[in-house]
Amino acid sequence: MLHDEVVEVFAPRRAPVDVAGRDDALAVRLDGPLADVLRLRTAVAAYVSLHFDVPRPRSLTSGDHLARIVDAVYASLRVAGSSSFRFEAAGSDSAVFARLADLLHDATGLLHDPADGQLVIRVRRGARPTGDARPTARGARSRPDDARGRAADVDPGWDVLVRVGPRPLSARTWRVADYPGALNATIAAAMVRLGGVRDEDRVLNLMCGSGTLLAERLLAGPAASAVGVDTSAEALDAARANLAAAHVRATLVAADVLTSAPGPDGPWQAGASDLVLVDPPWSGLHGDHASAVDVHAGVLRAARAAAAPGARCVVVTHEVKVMERCLREASALWSVRETLRVFAKGHHPRVYVLDAV
Ligand SMILES: C[S@@+](CC[C@H](N)C(=O)[O-])C[C@H]1O[C@@H](n2cnc3c(N)ncnc32)[C@H](O)[C@@H]1O
């Protein structure tokens, strides 16, 4: 997912490479401006990555090494300003990091705020045996490596990763209204890509909450229409505010999608949606495990009732076992094209891409 988007956005001369030991990160050499990373929708965060062939972090305070870190900090600041920084590193409260913080403060004027610093600087054991000064940008947290492998007797050195921007890329500027249980925008963007973005699509977002999926879909490209349905007035108010901040338009409908059916006309219409996006309630937030079967079975039926011939439906859920069971029982309505496991704050929800049968 991220790989495809990185290739699309940067058209890099060299393909992005997987990061050793991680399944949620990529490393890519940027040929164009670093600011292009702000165009990534499916990356949680991007970092300028530096590798140092040094035995311990203390060596990073020496002139040449420090200059490279300062350059990377300025590269990040040129893309988006920050007023403070913090380290994410084992031993970040040690005297060595206090010294490094003083030097970075002197060089950049940024305040060292160990708890809430905006610009994140990660320092960790390197994955590569040799030095490589090139700036790279990555999705999510990452550690570059490639086919070189790592000989057991070679000191791996240290990597310094300077995040681009004061906030993760997943923190969208359009999110002006918070909503409990709001979907991570990076996951929403991935769902939108999985569902396909077609200008002629009539898009329906059942249980739309604060409008994350609608915002990400409409920012990804034009749509013939976009409709969000939710029972909660609070959710619809939040969605209205977020969609306005994103400068996109959707019709919002207050309705219970499990007990009411789409009408023959109007915005939420039977058989008239090409893409249905769903983020149903899950245990503890807007729902409970006991009702999960009813909710998932019901929303699959509601999505199918609204679906046009050939429609796609993309669902994210934490209730994986429940969803699998409901999909087996709904095999006359939807066929499963693809599933994707995603990571969200310690949870592992799953995304299902379905085709109307
Ligand atoms: C996990 S939240 C969706 C969050 C949303 N994706 C966002 O980013 O804000 C689930 C939503 O389903 C709504 N909901 C629960 N039962 C519903 C029903 N029967 N009909 C319509 N909406 C329902 C809740 O009000 C809640 O907003």
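**Results: burial, helix packing and ligand contacts in a predicted model**

Serine 170 is found in the loop that runs between β8 (158-163) and α4 (185-195). The model in which this residue is placed is a predicted one. Serine 170 has a relative accessible area of 17% and is therefore classed as buried, the cut-off being under 20%. Leaving aside residues up to four places away in sequence, serine 170 touches Ala43, Val44, Asn184, Ala185 and Thr186.

The chain as a whole contains eight helices and 15 strands. Of its 357 residues, 52% are buried. The accessible surface of the chain amounts to about 16,000 Å², and carbon and sulfur atoms account for 51% of that surface. Contacts between residues at least 6 apart in sequence were also examined, and 73% of them join residues at least 24 apart.

Two helices were considered in terms of their length and packing. Helix α2 comprises 17 residues, 63-79. The distance from its first C-alpha to its last is 25 Å, close to the 24 Å expected at 1.5 Å a residue. The buried residues of α2 are Leu66, Ile69, Val70, Ala72, Val73, Ala75, Ser76, Leu77 and Val79. The elements that cover these buried residues include β3, α3 (95-108), β6 (119-125) and β8. Strand β8 is also one of the two elements that flank the loop of serine 170.

Helix α7 comprises 15 residues, 292-306, and reaches 21 Å from its first C-alpha to its last, close to the expected 21 Å. Its buried residues are Ala292, Val295, His296, Ala297, Gly298, Val299, Leu300, Ala302, Ala303 and Ala306. These buried residues of α7 pack against the strands β9 (202-206), β12 (273-278), β13 (307-317), β14 (334-341) and β15 (350-356), and against helix α8 (320-329).

Strand β14, one of the elements packed against the buried residues of α7, contains arginine 337. At 42% relative accessibility, arginine 337 counts as partly exposed. Its contacts, not counting residues up to four places away in sequence, are with Leu194, Arg312, Val353, Leu354 and Asp355. With aspartate 355, the side chain of arginine 337 forms a polar contact of 2.7 Å. Arginine 312, another of the residues touched by arginine 337, is 25 residues from arginine 337 in sequence, and the two C-alpha atoms are 9.4 Å apart in space.

The model includes a ligand with 21 residues around it, of which Tyr179, Ser210, Thr212, Asp230 and Asp279 come nearest. By class, the shell around the ligand consists of eleven nonpolar, seven polar and three charged residues. Several distances between the protein and oxygen atoms of the ligand were computed. For threonine 212, a polar side-chain atom lies 2.5 Å from a ligand oxygen atom. For aspartate 230, an N or O atom in the side chain is 2.6 Å from an oxygen atom of the ligand. For leucine 183, the atom concerned is a backbone N or O, which lies 2.8 Å from an oxygen atom of the ligand. On its own, the ligand has 610 Å² of accessible area, and the protein covers 94% of this area.

Two residues that are not glycines have a positive phi. In alanine 11 the angle is about 40°, and in histidine 247 it is about 60°. Alanine 11 is located in the loop between α1 (2-10) and β1 (17-18), while histidine 247 is located in the loop between α6 (233-245) and β11 (251-254). Alanine 11 counts as exposed because its relative accessibility is 58%, and the class begins over 50%. Histidine 247, with a relative accessible area of 72%, is likewise exposed.

A further loop residue, leucine 30, is found between β2 (26-29) and β3 (47-52). At 16% relative accessibility, leucine 30 counts as buried. The C-alpha atoms of leucine 30 and phenylalanine 10 are 7.1 Å apart in space, with the two residues 20 positions apart in sequence. Strand β3, which bounds the loop of leucine 30, is among the elements covering the buried residues of α2.

Conventions
Residues numbered from 1 in each chain as written. Predicted model: local features only at pLDDT ≥ 70, side-chain atom pairs only at ≥ 80, totals over all residues. Heavy atoms only, no water. Near = heavy atom within 4 Å. Polar contact = N/O pair within 3.5 Å; in protein donor to acceptor, adjacent residues only side chain to side chain. Areas by Shrake-Rupley, 256 points an atom, 1.4 Å probe, with all protein chains shown as cover. Nonpolar A, V, L, I, M, F, W, Y, C, P; charged D, E, K, R; others polar. Helix = DSSP H or I, 4+ residues; strand = E, 2+ residues; numbered from the N terminus. Expected span 1.5 Å × (residues − 1). Buried < 20%, exposed > 50% of the residue type's maximum accessible area, 1.4 Å probe, protein only. Contact = heavy atoms within 4.5 Å.
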